[in-house]
Amino acid sequence: MPAGFPDFRLGTVLATSFTATLTERCGDAVERVPTPRRLADWLAVSGLAVDSCTTGELELARELRESIHTAATAAALHDPLPAAAVEIINARSAQGRASAVLTPEGKRRWQLTSAAPVEDALGVIAADAISIVSGERDGKLALCASPTCRAAFFDTSQSRTRRWCDMNTCGNRQKKARFNANRAAAK
Ligand SMILES: [Zn+2]
C-alpha cells in the first residue's frame with residue numbers, strides 16, 4: 001500500500017468497515033479514501049478487487065458511504081430512515097451485478113463484471129448495508145461511545161453491550177482517558 005495515507009480500519013462487517021473509511025466524524029475527520037487509487041486499495045482488502053477507480057466512481061462510493069452512515073445512525077437511534085439515504089442505498093444495490101461464487105474451499109467470493117466492477121462492488125456493499133439496517137442479520141446497530149467518533153457499528157457480541165466501534169482505537173483511547181482521570185482524582 002502507498003505510504004502517507006492513514007490506515008484502514010477493517011471490521012468483520014463490510015458495510016460498517018466501509019463507513020469507517022471516514023473516521024472521527026464528530027472530531028477532526030480523517031478521510032481514508034482520499035483518492036480513487038485508495039478506494040481501489042480498500043476494495044482489494046475487502047474482497048472486492050477492481051483494476052482501477054475513476055474520480056466519478058469515488059464520488060459515487062462516498063455518496064453511498066454517507067448514505068449508509070446516515071441510515072445506520074437512524075436505525076441505531078430508532079429514528080425513521082431518511083428517504084434520500086434509502087434511495088441511494090437502493091439505487092446502488094439495484095445497479096450492482098456481482099455474483100456470489102462458492103470456491104472449492106467452501107468460501108464465498110464475489111465475482112464482479114468486467115463492464116462495471118466498481119458499481120458491482122458498491123452493489124455488494126449496499127446489499128450488506130440493507131441486511132444490517134433491516135435487522136435481517138443477527139446483531140444490533142449501535143453508535144460508538146467516543147464523542148469524537150459516534151460511528152454506527154454492528155454489535156454481534158452475545159450481550160449486545162459493545163460500546164465502541166473499534167476496540168483498538170476508540171475503545172483504547174476511552175480506557176486510557178478514564179485511567180488518567182482516575183489517577184488524577186486519586187492524587
Ligand atoms: Zn468509534
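Three worked exercises on this predicted model follow. Residues are numbered from 1 along each chain as its sequence is written. Local features need pLDDT of at least 70, side-chain atom pairs count only at pLDDT 80 or more, and totals for chains, interfaces and linings use all residues.

**Exercise 1. Find which element supplies the largest share of the largest nonpolar core.**

Step 1. Define the core: buried Ala, Val, Leu, Ile, Met, Phe, Trp, Tyr and Cys residues joined through C-beta atoms within 7 Å. Buried means 20 or more other C-beta atoms within 10 Å of the residue's own, with C-beta atoms placed from the backbone.

Step 2. The largest such core has 45 residues. L64, A72, I125 and A129 have the most contacts inside it.

Step 3. Elements are DSSP runs: helices (H or I, at least four residues) and strands (E, at least two), numbered from the N terminus. Those supplying at least two core residues each include α3 (55-76), α5 (117-133) and β5 (140-143).

Step 4. The largest share, 9 residues, comes from α5.

**Exercise 2. List what I125 touches, leaving aside neighbours within four places in sequence.**

Contact means C-beta atoms, placed from the backbone, within 7 Å. I125 then contacts L14, A15, F18 and L64.

**Exercise 3. Work out how α3 and α5 are oriented to each other.**

Step 1. Fit axes to C-alpha atoms over the stretch in contact; angles run from 0 to 180 degrees between N-to-C directions.

Step 2. The α3 and α5 axes come within 11 Å and cross at roughly 0 degrees.

Step 3. Angles under 35 degrees count as roughly parallel. The two helices, α3 and α5, are therefore roughly parallel.

Step 4. Contact residues include L64 and A72 of α3, and I125 and A129 of α5.

Notes: A residue is buried if 20 or more other C-beta atoms lie within 10 Å of its own, exposed if 12 or fewer, and partly exposed in between; C-beta atoms are placed from the backbone. Two residues are in contact if their C-beta atoms, placed from the backbone, lie within 7 Å. Angles under 35 degrees count as roughly parallel, over 145 as roughly antiparallel, 65 to 115 as roughly perpendicular and the rest as oblique.
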